[in-house]
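Here is a friendly walk through one protein chain, for reading with the structure open beside you. We begin with one term and then move from the overall picture to single residues.

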Amino acid sequence: MKLTKGFWQTYKEVPADAEIPSHQLMIRAGLIHKSGSGLYNYLPMGLRSIRKVENIIREELNKIGCNEIAMSVVTPGELWQETGRWDKMGGLMLRFKDKKDADLCISPTNEEAVTDIFRKTVKSYKQLPVGLYQINTKFRDEIRPRFGLMRGREFTMKDAYTFHMDKASLDQGYQEMYDAYTAIFTRLGLEFIPVVADGGAMASADSKTHEFQVVANSGEDLIIYSQEAQYAANVEKAQTLRSKTNFDLNIVPLKEVETIKTESIEAVCKLLNITQAQSLKSMVYTATTKDESKLVLAMVIGDDTVNEVKLQNYLKCDHLVATTEDEMKKAKLWKGFIGPVNLDSLLSLEIILDSEINLDASYVIGANKKDAHLIGFNPKRDLKKIVSADLRLSKAGDLTLDGQNTVVEKRGIEVGHVFQLGDKYTKDMKVGILDQNGKLVTPLMGCYGIGVTRVVAAAIEQNHDENGIVWPKSIAPYQVYFATIVKAEEFVKIADDIYKDMMNAGLEVIYDDRNVGPGNKFKDSDLLGLPYRVVLGERDFGASGELEVIERKTGLVTKVKREDLIQTLNNFLK
């Protein structure tokens, strides 16, 4: 593409609302244009990268026998009402009525729609397994859209769904999709980690779910990772052991001590001259199911944090929230001074200890009265009933479960998710197929998503420098930025011929033939960040017959003769 005929504009200024590099650079490099809050138009350069991501996804999913479809962006509300998600997801859905007063929505996801297609098409086990996918527009009415394409309201997503007769078939399909995802993100040229994720309320005990995380400093997700143990998990799901801890094994009688205005663990331990590992942190939550609401006291070692996802999963409750200070006052609990003893007035309070608490050790705990703590608390001696579970949030420095390796923390951007749904949707939507014995059974489902536009943003988050984007070769809008520093007509003709040679050789080339200085051309080239820049300088070429090839990622300069240019670029681009 000749820039004099192209539709492309770059900007020096950083947009005021752009907080992270990908958002800033995608606007400045002319990849996207903001049309409204969380809404973006894809401009030619950005769209080319998006299409490349889509094509890689298609190729890998087609290899494993998935069938591409395109579902309507608008879906009937009645499908969502069958599963109860019309009300549950209401806040994220853009809902409206048509002229017949029927409920409709712009799809935020398509489990109901694809299940409806399946139940009206597939009747027998002989037609299974089935894999369907689409690459389509989604809309989620985020309360606070931010970070450009990273968390917009409208976005492009690949969503795939598989249907199976039994768990063995679902496991096989899941593994095939997992492997396809690994191939996709490898081809995209990204540093990524598949991590064990939390399945939430829809997951059964044997359900599998993984997130594919692109490693980036700006990532919203925290990953617990050990390369040696080949272990990676979202912090919400991670299971680790504390590193070696020196517990106080000197058992003494319980004794109340005055701790005025020391509501934090740090302050209490400093006052009493003990380590935080010699104290216990007590957190009060309200756990709610459709049948009841109860108070729960979760306890972890003083320098640990309660993992609320683990706690909610353990309790199997629908909702879990930290109890408010007003609610605690009603229950005669003093914030900052809570502990598991002196709770006779709260017989219904459920106490759960983290499994890393040494039951034989002595700890400092809250005394359940203002400005007081207890020293000498021993769980075995002082609790009538001991219930332990894995409640702590994993952290850097922990050990893997075998105790052999230390874990680190990495920041990640979730770009893909594979998930075993089981019979959640097929059961709710009364899907039945005939098995080998002619019996009607409910098939199992898997769902698999990739945020296509988010992948492009994540690639930039991972690959940029102070001058602009540094594209992975496979998804760069073009492969080569051809910049010329020429004035004489004969060199303009040479540049045009070289451009034609590169095009005829199948190279994707931007030809910067604008009447601007080399500084502007080089700055725009760095900002856009194509893998290679070819420079034809009138003086240098006239003297030596050589062009410069500069690799964007390393800055490495290679001088080549005109006749060697195509082969050199092809070698670099392999």
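A crossing of two helices is called right-handed if the near helix is turned clockwise from the far one by less than a right angle, and left-handed if it is turned anticlockwise. With that term in hand, please keep in mind that this is a predicted model.

## The chain as a whole

The protein chain holds 16 helices and 31 strands. Along the principal axes, its C-alpha atoms fill a box of roughly 95 × 65 × 45 Å. Of its 574 residues, 50% count as buried. If you take the contacts between residues at least 6 apart in sequence, 69% of them join residues at least 24 apart.

Val 215 gives an example from strand E10 (residues 209–215). Val 215 counts as buried, since its relative accessibility is 13%. Apart from neighbours within four places in sequence, Val 215 is in contact with Glu 191, Ile 193, Arg 411, Gly 412 and Gln 462. From Val 215 to Glu 414 the C-alpha distance is 9.0 Å, while 199 residues separate the two in sequence.

## Two helix pairs

How do helix H2 and helix H6 pack? Helix H2 (residues 44–63) meets helix H6 (residues 167–187) at an angle of about 150 degrees, and their axes are 9 Å apart. Because angles over 145 degrees count as roughly antiparallel, H2 is roughly antiparallel to H6. The crossing in which H2 passes H6 is right-handed. On the H2 side, the contact is made by Ile 56, Ile 57, Glu 59, Glu 60 and Leu 61, and on the H6 side by Met 177, Ala 180, Ala 183, Ile 184 and Arg 187. These contact residues of H2 and H6 divide into 7 nonpolar, no polar and 3 charged.

The second pair is H13 with H16, whose axes come within 10 Å and cross at roughly 45 degrees. H13 and H16 are therefore oblique to each other. Here too the term from the start applies: H13 passes H16 in a right-handed crossing. Ile 498, Asp 501 and Met 502 of H13 make the contact with Leu 565, Ile 566 and Leu 569 of H16. Sorted by type, the residues of this H13 and H16 contact are 5 nonpolar, no polar and 1 charged.

## A closer look at H13

Helix H13 (residues 489–504) has 16 residues, so at 1.5 Å a residue it should span 22 Å; its end C-alpha atoms are 23 Å apart, which agrees. Which residues of H13 are buried? They are Phe 491, Ile 494, Ala 495, Asp 497, Ile 498, Tyr 499 and Met 502. As a reminder, an α-helix has 3.6 residues a turn, so residues three or four places apart point the same way. The buried residues of H13 pack against strands E27 (480–485), E28 (509–512), E29 (532–537) and E30 (546–551), and against helices H15 (538–544) and H16 (565–573). Just after H13 comes Gly 506, with a positive phi of about 85 degrees.

## The covered helix H1

Is helix H1 (residues 21–28) mostly covered or mostly uncovered? H1 is mostly covered, with 6 of its 8 residues buried. Those buried residues are Ser 22, His 23, Leu 25, Met 26, Ile 27 and Arg 28. Their cover includes strands E1 (32–36), E2 (39–42), E25 (464–465) and E26 (468–469), along with helices H12 (452–462) and H14 (518–528). Gly 30, just after H1, takes a positive phi of about 70 degrees.

## Backbone details in loops

Most residues other than glycine have a negative phi, and most peptide bonds are trans. Two residues other than glycine with a positive phi are set out here.

| Residue | Phi | Loop | Relative accessible area |
|---|---|---|---|
| Lys 261 | near 55 degrees | between strand E13 (255–258) and helix H7 (265–272) | 75%, exposed |
| Asn 273 | near 60 degrees | between H7 and strand E14 (280–288) | 70%, exposed |

What is the peptide bond from Leu 128 to Pro 129, cis or trans? That bond is cis, with omega near 0 degrees. Pro 129 itself lies in the loop between helix H5 (111–119) and strand E7 (130–139).

Definitions and conventions. Residues are numbered from 1 along each chain as its sequence is written. This is a predicted model: local features need pLDDT of at least 70, side-chain atom pairs count only at pLDDT 80 or more; totals for chains, interfaces and linings use all residues. Side-chain values use heavy atoms; hydrogens and water are left out. Helices (H or I, at least four residues) and strands (E, at least two) are DSSP runs, numbered from the N terminus. The expected span of a helix is 1.5 Å times one less than its number of residues. Buried means under 20% relative accessible area, exposed over 50%, partly exposed in between (1.4 Å probe, protein chains only). Contact means heavy atoms within 4.5 Å. Axes are lines fitted to C-alpha atoms, for helices over the stretch in contact, and angles run from 0 to 180 degrees between N-to-C directions. Angles under 35 degrees count as roughly parallel, over 145 as roughly antiparallel, 65 to 115 as roughly perpendicular and the rest as oblique. Ala, Val, Leu, Ile, Met, Phe, Trp, Tyr, Cys and Pro count as nonpolar, Asp, Glu, Lys and Arg as charged, and the others, Gly among them, as polar.
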